[in-house]
Amino acid sequence: MGTYNDWTDLFPLFSGFINDNIAIHEGEEDDMQSTVSSVVPPASPQPTPVFGMFSLQSDATPQDSLDATFFESTAFPADSTDSAYPTDIVLLSSDSVYFYVHRSVLQVASNHAFQLTTPPASDISRDHMTAVSESSMVLNIVLHTIYGRSCLGYSPSFEDLSAAVCALGDNGISPKEYISSATPLGIHILTYAPHRALDIYILAARYCLNDLAITASCHLLSCDLSSITDEMAVNMGPVYLRRLLTLHTERLDSLKRILMPPPHPHPATSTCKFGDQSKVVRAWILATAYLIWASRVDLSADDIRSVITPMEEQLQCPLCREILRSRQNTLVVQWASIKGTI
């Protein structure tokens, strides 16, 4: 078995490791980008338009036709055949797009949705128009959600999805009733989780969307908690802020706990006595100190192996190498079993 004269013999090993580890993490960034691209569905090169332009006059001059044009939703047009019942209300978005929908469907979501009023009995068969404050894209997402449809084909941005969730709440519609990790809108929001995890977590916390918060939290293990501003903390609320802090502190405490036991010594041999094996324990303590000092709650199995494997290669005793490898494998399994979400 190789021996170390004193602690300083081990530092060249770790200085080399630190330089190598930096290169490893730079490579991990490329791997992460590859992972993100495999999780997030690529945007359609030609997203479905939210609205189309129509003319009210068929034999008018070009200028008259331009003056008489209007914009109508492609998903909720006046001549929709998606339902056996005719539409009976028109919603006009803030950018002047018409959406033809069913009052009964909206009122199932909320009696106060879009400030709808019951029309006079004499006008019950006519479409009634209500102007709303939402843009056509946001209103399109809201209506798709209420009708239980997916809006993925329109390729909305995360900002539009977030605004739609807020619009549901503002219109007296409970986001919890329509958004989860299994609903179209929830699934769509979570496609942004790899690179908008904190924004999703704050949004989910605001409306108590626990499924989305749990999924987003696994992407927040690498989040620097000091980067959370006061405004973010207020929007997140005390409950979900505490859960995120607890996730980080408990994982660090668990890491310290599972690192504590050193490798068990093997029976003494003629070439490797118990005194020689104390060097393995001292090397393990040094590795433990490095991993704890790094304080990374998103520590991966490869990170652990990149610290311990170089030590194993320095040992000449086969039994010492075996006990170190066994202790490393146990550590990796234990770390993988530590809860990684709120």
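**Overall fold, a three-helix pocket and some local details**

The chain's secondary structure adds up to 13 helices and five strands, in what is a predicted model. Of its 342 residues, 42% come out as buried. Looking at contacts between residues at least 6 apart in sequence, 66% link residues at least 24 apart.

The second largest pocket is a good place to start. Rolling a probe the size of a water molecule over the atoms shows where empty space is left. Here the second largest pocket has a volume of about 220 Å³. Its lining is made up of Phe 158, Ser 162, Cys 166, Asp 199, Ile 202, Leu 203, Arg 206, Thr 229, Glu 231, Met 232 and Asn 235. Three helices each put in at least two of these residues, namely H5 (158–170), H8 (193–206) and H10 (230–259). H8 gives the most, with four residues. By character, the lining splits into five nonpolar, three polar and three charged residues.

Now for H5 itself. With 13 residues at 1.5 Å a residue, H5 should span 18 Å, and its end C-alpha atoms do sit 18 Å apart, so expectation and model agree. The buried residues of H5 are Phe 158, Leu 161, Ser 162, Ala 164, Val 165, Cys 166, Ala 167 and Leu 168. An α-helix has 3.6 residues a turn, so residues three or four places apart point the same way. Phe 158, Ser 162 and Cys 166 are among the buried residues of H5, and these three also appear in the lining of the second largest pocket. The buried residues of H5 pack against four helices: H4 (136–146), H6 (175–178), H7 (184–190) and H8. H8 thus turns up twice, as a packing partner of H5 and as a contributor to the pocket lining. After H5 comes Gly 172, with a positive phi near 75°.

A couple of other residues also have unusual backbone angles. Most residues other than glycine have a negative phi, and most peptide bonds are trans. Ser 155, in the loop between H4 and H5, goes the other way with a positive phi near 50°. Ser 155 counts as partly exposed because its relative accessibility is 28%. Cys 208 is a second case, with a positive phi near 55°, and belongs to the loop between H8 and H9 (210–217). At 41% relative accessibility, Cys 208 is partly exposed too.

Back in H10, Ser 254 is part of the helix and counts as buried because its relative accessible area is 13%. A polar atom of the Ser 254 side chain lies 2.8 Å from the backbone oxygen of Glu 250.

Beyond H10, His 266 lies in the loop that leads to H11 (274–294). With a relative accessible area of 5%, His 266 is buried. Setting aside residues up to four places away in sequence, His 266 touches Cys 272, Phe 274, Gln 277, Cys 317, Leu 319, Cys 320 and Ile 323. One of these contacts, Cys 320, is 54 residues away from His 266 along the chain, yet their C-alpha atoms are separated by 7.2 Å.

Definitions and conventions:
Residues are numbered from 1 along each chain as its sequence is written. This is a predicted model: local features need pLDDT of at least 70, side-chain atom pairs count only at pLDDT 80 or more; totals for chains, interfaces and linings use all residues. Side-chain values use heavy atoms; hydrogens and water are left out. On a 1 Å grid over the protein atoms alone, a cavity is a set of points where a 1.4 Å probe fits but cannot get out, and a pocket is an open set with protein on both sides within 12 Å along at least five of seven lines; lining residues have an atom within 4 Å of a point. Grid points are joined across faces, edges and corners, and a volume is the space filled by probe spheres set on the points. Helices (H or I, at least four residues) and strands (E, at least two) are DSSP runs, numbered from the N terminus. Ala, Val, Leu, Ile, Met, Phe, Trp, Tyr, Cys and Pro count as nonpolar, Asp, Glu, Lys and Arg as charged, and the others, Gly among them, as polar. The expected span of a helix is 1.5 Å times one less than its number of residues. Buried means under 20% relative accessible area, exposed over 50%, partly exposed in between (1.4 Å probe, protein chains only). Contact means heavy atoms within 4.5 Å. A polar contact is a pair of N or O atoms within 3.5 Å; within protein, one must be able to donate a hydrogen and the other to accept it, and residues adjacent in sequence count only if both atoms are side-chain atoms.
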